[in-house]
Amino acid sequence: MKMGSREFIYGVCDKTGECDSYFGFFKNEKDAEHEVEVQAKRFKEDLGMMDIDIQTDRALFNEELVVVIHRYILR
C-alpha cells in the first residue's frame with residue numbers, strides 16, 4: 001500500500017515469547033492477514049490453543065495477544 005510517497009511493509013509478529021520474533025514480512029497487507037490466519041491455525045493444531053480468536057490483523061488466546069501485524073513505513 002502506498003500513501004503519497006510512503007511505502008509500508010507488514011510484519012507478522014509472534015507475541016508468545018519474552019521478545020518479539022517475526023514469522024515474515026510482506027509488501028501486501030492481505031498476505032500478512034493470511035499469514036496471521038496460518039500461524040493461528042498452527043498454534044491451534046500444534047500447541048492445542050483450541051480457543052484461539054482469529055481476527056483480521058491479530059490472534060488472541062485467552063484475551064492475550066499471540067500474533068499481530070506490525071506496520072512499518074519504508075523510507
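**Figure 1. Asp46 and Arg42 meet along helix α1.** In this predicted model, Asp46 and Arg42 both sit in helix α1, four residues apart, which is about one turn of the helix. Their side chains form a salt bridge, and the closest N and O atoms are 3.9 Å apart. Now look at how each partner meets the surroundings. Asp46 is exposed, with a relative accessible area of 53%, while Arg42 is partly exposed at 32%. Asp46 counts as exposed because its value is over 50%. Keep Arg42 in mind, since the name returns in the next view.

**Figure 2. Asp14 is a buried charged residue without a salt bridge.** Find Asp14 in strand β2, which covers residues 6-14. Which side chain of opposite charge is nearest to Asp14? The answer is Arg42, at 5.3 Å. A salt bridge needs the nitrogen and oxygen within 4 Å, so this pair does not make one. Asp14 does have a polar partner: its side chain and that of Thr16 are joined by a polar contact of 2.6 Å. Setting aside neighbours within four places in sequence, Asp14 also touches Cys19, Asp20, Ser21, Phe23, Phe43 and Val66.

**Figure 3. Strands β2 and β3 form a hairpin.** Strand β3 covers residues 21-26 and runs antiparallel to β2, with five bridges joining the two. Where does Asp14 fit in this pairing? Asp14 stands opposite Ser21 in β3, and Ser21 is also among the contacts of Asp14. Six residues lie between the two strands of the hairpin. As you follow a strand, a simple rule helps: in a regular strand the side chains alternate between the two faces of the sheet.

**Figure 4. Asp20 and Lys15 form a salt bridge.** The side chains of Asp20 and Lys15 meet in a salt bridge, with 2.9 Å from N to O. How accessible are the two partners? Asp20 is partly exposed, with a relative accessible area of 38%, and Lys15 is partly exposed too, at 29%. Asp20 is also one of the residues in contact with Asp14.

**Figure 5. Four charged residues are linked in a network of salt bridges.** Which residues belong to this network? They are Glu29, Asp57, Arg58 and Arg71. Within the network, the side chains of Arg58 and Asp57 meet in a salt bridge of 3.2 Å, N to O. Is Asp57 buried or exposed? Asp57 is buried, with a relative accessible area of 18%, whereas Arg58 counts as partly exposed at 28%. Asp57 falls in the buried class because its value is under 20%. Counting through the whole model gives seven salt bridges.

**Figure 6. Nonpolar residues gather in a core.** In soluble globular proteins, nonpolar side chains tend to be buried together. Here the largest nonpolar core has 14 residues, and those with the most contacts inside it are Val12, Ile52, Ala59 and Val67. Strand β2, helix α1 (29-47) and strand β6 (64-74) each supply at least two residues of this core. Which element gives the largest share? That is α1, with four residues. Take a closer look at Val67: apart from neighbours within four places in sequence, its contacts include Val12 and Ala59, and also Phe23, Val36 and Phe43. Val67 also touches Asp57 and Arg58, two members of the salt-bridge network.

**Figure 7. Asn62 and Glu63 have positive phi values.** Most residues other than glycine have a negative phi. Asn62 has a phi near 50°, and Glu63 has a phi near 65°. Where are these two residues found? Asn62 lies in the loop between β5 (58-61) and β6, and Glu63 is found in that loop as well. Asn62 is exposed, with a relative accessible area of 56%, and Glu63 counts as exposed at 78%.

**Figure 8. Stepping back shows how the elements follow one another.** The protein has one helix and six strands, and from the N terminus on they run β-β-β-α-β-β-β. Along its principal axes, the C-alpha trace spans about 45 × 25 × 20 Å. How many of the 75 residues count as buried? The share is 32%. Finally, among contacts with a separation of 6 or more, 38% join residues 24 or more positions apart.

Terms used. Residues are numbered from 1 along each chain as its sequence is written. This is a predicted model: local features need pLDDT of at least 70, side-chain atom pairs count only at pLDDT 80 or more; totals for chains, interfaces and linings use all residues. Side-chain values use heavy atoms; hydrogens and water are left out. Buried means under 20% relative accessible area, exposed over 50%, partly exposed in between (1.4 Å probe, protein chains only). Lys and Arg count as positive and Asp and Glu as negative; His and the chain ends are not counted. A polar contact is a pair of N or O atoms within 3.5 Å; within protein, one must be able to donate a hydrogen and the other to accept it, and residues adjacent in sequence count only if both atoms are side-chain atoms. Contact means heavy atoms within 4.5 Å. A nonpolar core is a set of buried Ala, Val, Leu, Ile, Met, Phe, Trp, Tyr and Cys residues joined through side-chain atoms within 4.5 Å. Two strands pair if DSSP finds at least two bridges between them.
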